[in-house]
Amino acid sequence: MQYYTTLILAILLSSYAPFLYAQNDVIDPNDITIVRDKWGTPHIFAKTDAAVAYGLAWANAEDAFETMQELLIIGKQMMGKKDGIKGAPFDFFVHSIGTEMTYQENIGKISKEYMTYLDGYCQGVNAYAKANPDKILLKKAFPIEPKDILKAYLVGFSALSGAVDKVTHIMEGDYDKEPVSKPAGSNAYAFAPHKTTNGNTFLCINPHFKIEGAFSFYDAHLHSEEGLNITGALFQGGTCVFMGNNEHLGWGKTFNHIDQVDVFELEMHPRKKLYYKYDEEYIKLEKRPVWLKVRIGKIVIPVRKMTYWSKFGPTYKSPQKKYYAVRCPAFFNLKAGEQYYRMNKATNYDEFQAALSMNAHSMFNLVYGDKDGNILYLCNGMLPKRNPDYDFTQILKGDSKEKLWTEYYTQKELPRVENPNCGYVFNANNTPTNATCVIGDNCSKEVLKYADMRSGDNNRSTRFMEMMNQDKTYTFEEFKALKFDTKMTPNSKFWESLSGLFAINSEEYPPFEEAINLLQNWDGDASAENTTAPLFLLTIQYVFDKMGYTDVPFTTGIPDTIPAQLYIEAIENASKDLLQQHGRLKVPLKDILFHRRNGKLYPASGFPDVLSPIYTVREEDGKQVAEYADTYIHFVEFDKKGPVQIQTLLPFEVTKASEQYEDELEMFNERELKTMSLNKKEVLEKAVKTYHPVP
């Protein structure tokens, strides 16, 4: 009976879904102007913020509608309907973390202004979907409403936090297995006026992320008559600029390594089923069943799964019949999108600080600069105030309220550097204690314990500091050149940890003597023409693959337990690869390293963890093709009146009609940048295409 009641209710709700969404005033698309510049970048102009949001949704859908839909479908718990068995785990996760409960408990805290903005965005997405029904991945996912966007932000930050990995390992019974982290990196740095030759403020924004997919980047310019005027990057389907600059200020973000997810093993009652110990009593787990809708062929089958809720939050039963609770700040937060909106609208340092004080972003370092000469580094995140008597980096017994955190440190208490005397701040995913010329603890020890989970400096931060001249002032061109550096430095922990490789006596291995000598004399240059970098890259890849390393050794170094024989195997493998594919050991890096876009290969340069990085996957023909790389570049110079110049690049832009526009990937290979403008008149004068978002 319960099954049929649930099924009938689901059918009724889905049948009336279009009428459950009460939108605000209907936006006339003829009041919105979309301008495409010569690179295809959309500039959206309208009177209201909400109308601009409509235009952004339409333009993004024109370029990447399929990718935009993915996160929305996940947030609506419809991946099982879309992808069948492969998609069902996404729906399980979204239900299990209490997404709907968080929405119901927090929707009243979202401002009317932001809800109006989201409504405009939803109108734009729905209009595009209605006009292009053949491009819809799942018809029942439409129309979308602000609720879906808010949930998508919650789920997105939960995924980025690493909670999905924790839950997956519990459900698969291998919790102790080390998660395979991806090289989610970035660079950001800012120079104050007294560090520049012309007395202006310089800012570099440079995220390194996925080239394709849900967390790939899109760039746009948003301009309303209500004070919104900003250009920058956002994820596909984002409703605001995530990093960029407006007329007054700008900021970049980098991935940080704060401890966001805690796991508690519940102490279950020896006889009473589903009762767990909490202080001096046993409390029964709350059952939260879910009917997953799973597509099998052309039919959708309901599959019942059980999730649980304890005092610590979402709780899961492992195959070993143990119960684990997973707690993450992102599970309980609905304001991430609104904080981005407030940051976009900020007109000065105080307003930007007020936006940050919402503390709604569970992660990401932030580097900031503005026209008034302020610069800031902040290790941002929703960092829980944990009981110092316990080590939350380990699995804890979930048996006491002493271990249950409910509050977070404010952004003023987190690691930060504000307007340092030496005039610069930076982050390259390194320790937050090294963010300027003075290295040291910039917060309490209690905070640092969980805010610096990958302590130390990587190649990028070491190289950046190596190139910085404390007494020098920089031109804008010199400032930009720092980011495009492609060298590995011998001063990094990673390079120092290769002592075993450098200590090999090449004469003892005649077949590989030339290769060993080349490696031991490589200067770390990973520019396109370098002929030893390929041999080094293939050798290190072999070692990493054999040892199961992620990108962590670029900060910690390779363990000194690596046997010399493994290096010899790696050199042999790399040598054979190059000889088979190219007939020689010395091959220009550009001949083996490539970017791919729209089916076309482009020669590349770089190396993992250099300031202009590339992380590749080897294909059958021996080509190394980028998976993660320099996905967005943004430089801005401010004088006291505002931006003097804005130069950006989205090398892997996804504009479907890209043949109409100039190729940014070719520009990237030449280290050229496009010039952006916040001036409406200037944008219109240089427009390649101007239109309204009308079918």
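## Exercises on a predicted model

Eleven bridges join β12 to strand β13 (residues 299-310), and the two strands run antiparallel. The model is a predicted one, and the exercises below start from this pair of strands.

### Exercise 1. The hairpins of the sheet

Task: describe how β12, β13 and β14 are connected, and give one bridge partner for each pairing.

Solution.

1. Begin with the turn between β12 and β13. These strands form a hairpin with two residues between them, and Gly-297 in the turn has a positive phi of about 70°.
2. Pick a bridge in this pairing. Arg-295 has Val-300 in β13 as its bridge partner.
3. Go on to the next pairing. Three bridges link β13 and β14 in the antiparallel sense, and this pair also forms a hairpin with two residues between the strands.
4. Pick a bridge here as well. Opposite Ser-310 stands Gly-313 in β14.

### Exercise 2. The whole sheet

Task: what is the strand order of the open sheet of six strands, and which strands stand at the edges?

Solution.

1. Write out the order. The open sheet runs β12-β13-β14-β15-β9-β18, and its pairing is mixed.
2. Find the edges. β12 (286-296) and β18 (396-397) each have a single partner strand, so one side of each is left without a neighbour in the sheet.
3. Look at the pairing that involves β18. Strand β9 (residues 262-265) and β18 run parallel and are joined by two bridges. Glu-265 stands opposite Lys-397 in β18.
4. Add the helix that packs on the sheet. Helix α9 (residues 163-172) touches β9, β14 (313-317) and β15 (323-327), and its direction makes about 30° with that of β14.

### Exercise 3. Two helices

Task: how are α10 and α11 oriented, and which residues meet between them?

Solution.

1. Take the axes. Those of α10 and helix α11 (residues 349-356) come within 9 Å and cross at roughly 180°.
2. Classify the angle. Angles over 145 degrees count as roughly antiparallel, and α10 is therefore roughly antiparallel to α11.
3. List the residues that meet. From α10 they are Gln-339, Arg-342, Met-343 and Lys-345; from α11 they are Glu-351, Phe-352, Ala-355 and Leu-356.
4. Check the cover of α10. Nine of the ten residues of helix α10 (residues 336-345) are buried. Among them are Gln-339, Met-343 and Lys-345, which also belong to the set that meets α11.

### Exercise 4. Cysteines

Task: how many disulfides does a search of the whole structure find, and which cysteines are joined?

Solution.

1. Count. The search finds one disulfide.
2. Identify the pair. Cys-422 is joined to Cys-437, with an S to S distance of 2.1 Å. The link is left-handed, with -100° about the S-S bond.
3. Place the pair in the chain. Cys-422 lies in the loop between β19 (416-418) and β20 (424-427), and Cys-437 in the loop between β20 and α12 (445-451), so the bond ties together parts that are 15 residues apart in sequence.
4. Compare accessibility with the cut-off. Buried means under 20% relative accessible area. Cys-422, at 15%, is therefore buried, whereas Cys-437, at 27%, counts as partly exposed.
5. Turn to Cys-379, which is in no disulfide; the nearest cysteine sulfur, that of Cys-443, is 7.7 Å away. Cys-379 is buried, because its relative accessible area is 2%.
6. Treat Cys-122 in the same manner. Its closest cysteine sulfur, in Cys-240, is 12 Å away and so too far for a bond. Cys-122 has 0% relative accessibility and therefore counts as buried.

### Exercise 5. Surroundings of two residues

Task: where do Arg-596 and Thr-555 lie, and is each buried or partly exposed?

Solution.

1. Locate Arg-596. This residue is in strand β21 (residues 593-597). Its relative accessible area is 33%, so Arg-596 is partly exposed.
2. List its contacts. Not counting residues up to four places away in sequence, Arg-596 touches Leu-601, Glu-619 and Val-625. With Glu-619 there is a polar contact between side chains, at 2.8 Å.
3. Add a backbone distance. The C-alpha atoms of Arg-596 and Ala-626 are separated by 7.3 Å, although the residues are 30 apart along the chain.
4. Locate Thr-555. This residue is in helix α19 (residues 553-556). With a relative accessible area of 3%, Thr-555 is buried.
5. List its contacts. Leaving aside neighbours within four places in sequence, Thr-555 is in contact with Arg-454, Ser-455, Gly-456, Asp-457, Asn-458 and Lys-493.

Note on methods: Residues numbered from 1 in each chain as written. Predicted model: local features only at pLDDT ≥ 70, side-chain atom pairs only at ≥ 80, totals over all residues. Heavy atoms only, no water. Helix = DSSP H or I, 4+ residues; strand = E, 2+ residues; numbered from the N terminus. Buried < 20%, exposed > 50% of the residue type's maximum accessible area, 1.4 Å probe, protein only. Contact = heavy atoms within 4.5 Å. Polar contact = N/O pair within 3.5 Å; in protein donor to acceptor, adjacent residues only side chain to side chain. Pairing = 2+ DSSP bridges. Axes fitted to C-alpha atoms, helices over the stretch in contact; angles between N-to-C directions. Disulfide = S-S within 2.5 Å. Parallel < 35°, antiparallel > 145°, perpendicular 65-115°, else oblique.
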